[in-house]
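Me: I'd like to go through this model and ask what backs up each label. Can you set the values against the cut-offs for me?

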Amino acid sequence: MIKIKFNLNGRSVETEVKPSTTLLDLLRYQLRITSVKRGCEVGECGACTVLLDGKPVNSCLILAARVDGRNIVTVEGLLKDSKLHPIQEAFIEEFAVQCGYCTPGVILTAKALLDINPNPTIAEIKDALSGNLCRCGAYHQIINAILKASEKIKTRT
Ligand code: FES
Ligand code: FES
């Protein structure tokens, strides 16, 4: 077993993992962070997306031991003072959630995009979301929600 210590949603976590444990398995099954979904497990669907040092990654492709000393954010970490993040609000308002399986990964990808590009075009949103599949086909609503979130964030800063 390998000892690791990392920051998860603003809190320090110390645990032990097998050398073969993926970040997906650590988060979802060991730490019970259930927003992190198991989909394809080969880096195709984006359901397992988390932010690693602010960048979206497929947690199914990363060994848990590699996150020692690093910073992980899941959708649970977007709440502030029990209030939803503006992206989460916009997803609700634009009905951008159907079954919800893709939603945590899509929201985290959107957050990473809006953090570096607060005013994205539709083409830039589509490009950012190219690694996140929605089996319900809610892409139109998802794009509208991200455009709305961009407006919300700008008016609050
Ligand atoms: S489960 Fe990781 S990309 Fe599909
Ligand atoms: S809302 Fe069902 S997979 Fe996207």
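Me: Start with the domains: how many residue pairs are in polar contact between domain 1 and domain 2?

Reply: Five residue pairs, both partners at pLDDT 80 or more. Keep in mind that this is a predicted model. The side of domain 1 that touches domain 2 draws its largest share, three residues, from strand β3 (residues 49-52). By class, that side of domain 1 has six nonpolar, six polar and three charged residues.

Me: And how many salt bridges are there between domain 1 and domain 2?

Reply: The count there is zero. To get on the list, a side-chain nitrogen of Lys or Arg has to sit within 4 Å of a carboxyl oxygen of Asp or Glu.

Me: What makes these two separate domains, and where are the bounds?

Reply: The split is domain 1 at 2-74 and domain 2 at 86-156, and those bounds come from an automatic or database domain assignment. Taken over C-alpha atoms, the two centres are 22 Å apart. The contact involves 15 residues of domain 1 and ten residues of domain 2.

Me: How much area is buried between domain 1 and domain 2, and which residues of domain 1 lose the most?

Reply: About 950 Å² is buried, with carbon and sulfur atoms giving 64% of that. On the domain 1 side, K37, T49 and L51 lose the most area, together 38% of what that side buries.

Me: Now salt bridges. Why is the pair E89 and K152 called one?

Reply: The N to O distance between their side chains is 3.2 Å, and the cut-off is within 4 Å, so the pair qualifies. E89 belongs to helix α2 (residues 86-93) and K152 to helix α5 (residues 139-156), so this salt bridge ties together parts 63 residues apart in sequence.

Me: What about E93: which lysines does E93 pair with?

Reply: One is K148, with the closest N and O atoms 3.2 Å apart. E93 sits in helix α2 and K148 in helix α5, so that pair ties together parts 55 residues apart in sequence. Another is K152, where the closest N and O atoms are 3.1 Å apart. That second pair links helix α2 to helix α5 too, with E93 and K152 59 residues apart.

Me: What makes this a network of salt bridges?

Reply: The salt bridges link up: E89, E93, E94, K148 and K152 are joined in a network. Over the structure, the count is nine salt bridges. As a general point, side chains of opposite charge can pair when their charged atoms come close.

Me: Are the members of that network buried or exposed, and how do you know?

Reply: It depends on the residue. K152 has 14% relative accessibility, so K152 counts as buried, the cut-off being under 20%. E89 is buried as well. E93 comes out at 37%, so E93 is called partly exposed, and K148, at 30%, is also called partly exposed. Partly exposed is what lies in between the buried cut-off and the exposed one, over 50%.

Me: Why is A110 called buried?

Reply: Because the relative accessible area of A110 is 1%, and anything under 20% gets that label. A110 lies in helix α3 (residues 103-116). Leaving out residues up to four places away in sequence, A110 touches I87 and I146. The C-alpha atoms of A110 and A128 are separated by 7.5 Å, with the two residues 18 apart along the chain.

Me: And T21, why is that one buried?

Reply: T21 has 12% relative accessibility, so T21 counts as buried. T21 is in the loop between β2 and α1. Not counting residues up to four places away in sequence, T21 touches L26, Q30, I62, L63 and A64.

Me: Which residues of helix α1 are buried, and what covers them?

Reply: In α1 (residues 23-30), the buried ones are L23, L24, L26, L27 and R28. Their cover includes β1 (2-8), β2 (11-17), β3 and β5 (71-73). After α1 comes R32, with a positive phi near 60°.

Note on methods:
Residues numbered from 1 in each chain as written. Chains lettered and ligands numbered in written order. Predicted model: local features only at pLDDT ≥ 70, side-chain atom pairs only at ≥ 80, totals over all residues. Heavy atoms only, no water. Contact = heavy atoms within 4.5 Å. Buried area = accessible area lost by both parts, 1.4 Å probe. Polar contact = N/O pair within 3.5 Å; in protein donor to acceptor, adjacent residues only side chain to side chain. Helix = DSSP H or I, 4+ residues; strand = E, 2+ residues; numbered from the N terminus. Nonpolar A, V, L, I, M, F, W, Y, C, P; charged D, E, K, R; others polar. Buried < 20%, exposed > 50% of the residue type's maximum accessible area, 1.4 Å probe, protein only.
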